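Hi,

Here is the structure I promised to pass along. Have a look at it first, and then read on for what turned up.

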Amino acid sequence: MSAEALHEEIAACTLCAEHLPLGPRPVVQFSPASRVLIIGQAPGTKVHESGVPWDDDSGDRLRGWLGMEREEFYDPARVALMPMGFCYPGRRKGGDAPPRPECAPKWHDRMLARMPQTRLTLLVGTYAQGRYLPETRRLTMTERVRRAGEFGAFFPLPHPAWRARLWMAKHPWFEAETLPLLRRAVADALA
C-alpha cells in the first residue's frame, strides 16, 4: 500500500468514533521521505477544527524549541507528525483526555513502515515515551528529558502545552542544555 493510500485509509477511520465527543477527524502528516518524526499525544480542539497538526499555541512553542519555521515544519518530506491518538479525545478534569488507546496499535507500525528515511523520533509527552521507551517506565518524564541524547534515535521532550512554561522555570537546564542538543539533532537529521 502506498503512503497516499494509507493517508486515505487513516482519514476514513472510525475505529473509536463512539468515544469521540466531536467525532472522528484523524490528523497526521507523513511521507516516505520524512526525516524527523514527531510523536505527540492527540489533537486538541483547535487542531480538530483546522485539521492541521500542532496548529495551536503548543505547536508554536514546539517549533520554537526545534528552531523551525512553519514552512519547514509542515513539509512532510522533512517532518512527519504522528500522534498517539489521531483524533481529539475529549476533556477530562484538568485538561484533555488521554489519547484513545486503539489508535497507535492500529496505525503506528503501518505508518512507520512507509517512512524508511526517518532518522530522529521526538517523543513528546509521557504517552509517546511510554510506548517507545518502555524500558524507562520507572523514570519520570523529567528524568527522561534530562537524559535526552541517551536513547539513540529517540529524543524525549515534555509536552509543550502552556504548563511547559512552569516546568521550564523549575528546570532551567532544559533551555540551556537540552534545547541546543535538540536543535543539533534535528539539523543533523534533516541534513
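Let's start with helix 3: is it mostly covered or mostly open, and how many of its 10 residues are buried? Mostly covered, with 7 of the 10 buried. Keep in mind throughout that this is a predicted model. The buried residues of helix 3 are Ser58, Gly59, Arg61, Leu62, Arg63, Trp65 and Leu66, so two arginines are among them because a residue counts as buried when its relative accessible area is under 20%, whatever its type. The cover over these residues includes strand 1, helix 4 (70-73), strand 5 (120-124), strand 6 (154-157), helix 8 and helix 9 (173-190). Just after helix 3 comes glycine 67, with a positive phi of about 70°.

One element from that cover is worth a stop. Strand 5 holds threonine 121, which is buried at a relative accessible area of 9%. Setting aside residues up to four places away in sequence, threonine 121 touches Leu37, Ile39, Ala153, Phe154 and Phe155.

Now to helix 1, which spans residues 3-11. Ala3, Leu6 and Ile10 are its buried residues. Why do they end up on the same side of helix 1? Because they cover an arc of only 60° around the axis. The spacing fits a general rule: an α-helix has 3.6 residues a turn, so residues three or four places apart point the same way. The buried residues of helix 1 pack against helix 5 (103-112), while the face turned away from the buried side carries Glu4, Glu8 and Ala11, which are exposed.

Further along, in the loop between helix 1 and strand 1 (36-39), you'll find glutamine 29. Is it buried or exposed? Glutamine 29 counts as buried, because its relative accessibility is 9% and the cut-off is under 20%. Its side chain reaches two backbone oxygens: that of phenylalanine 73 at 3.2 Å and that of valine 79 at 2.7 Å. Leaving out neighbours within four places in sequence, glutamine 29 is in contact with His7, Pro53, Phe73, Tyr74, Asp75, Pro76, Val79, Ala80 and Leu81.

Next, the empty spaces. The largest pocket holds about 1,100 Å³ of space. It is lined by 40 residues, and Gln41, Asp96, His159, Ala161 and Arg163 are the closest to its centre. Elements that give two or more residues to this lining are helix 2 (45-50), helix 3 (57-66), strand 3 (91-92), strand 4 (95-96), helix 6 (126-132) and helix 8 (163-170). So what is the lining of the largest pocket made of? It divides into 21 nonpolar, 10 polar and 9 charged residues.

There is also 1 cavity of 30 Å³ or more, with about 60 Å³ of space in it. Lining this cavity are 13 residues, and those nearest its centre are Cys13, Pro26, Cys87, Cys103 and Trp107. Its lining divides into 12 nonpolar residues, 1 polar and no charged.

If you only have a minute, I'd begin with helix 3: it is mostly covered, and it also gives two or more residues to the lining of the largest pocket.

Cheers

Notes: Residues numbered from 1 in each chain as written. Predicted model: local features only at pLDDT ≥ 70, side-chain atom pairs only at ≥ 80, totals over all residues. Heavy atoms only, no water. 1 Å grid on protein atoms, 1.4 Å probe; cavity = no way out; pocket = protein on both sides within 12 Å on 5 of 7 lines; lining within 4 Å. Points joined across faces, edges and corners; volume = space filled by probe spheres on them. Helix = DSSP H or I, 4+ residues; strand = E, 2+ residues; numbered from the N terminus. Nonpolar A, V, L, I, M, F, W, Y, C, P; charged D, E, K, R; others polar. Buried < 20%, exposed > 50% of the residue type's maximum accessible area, 1.4 Å probe, protein only. Arc of directions from axis to C-beta. Contact = heavy atoms within 4.5 Å. Polar contact = N/O pair within 3.5 Å; in protein donor to acceptor, adjacent residues only side chain to side chain.
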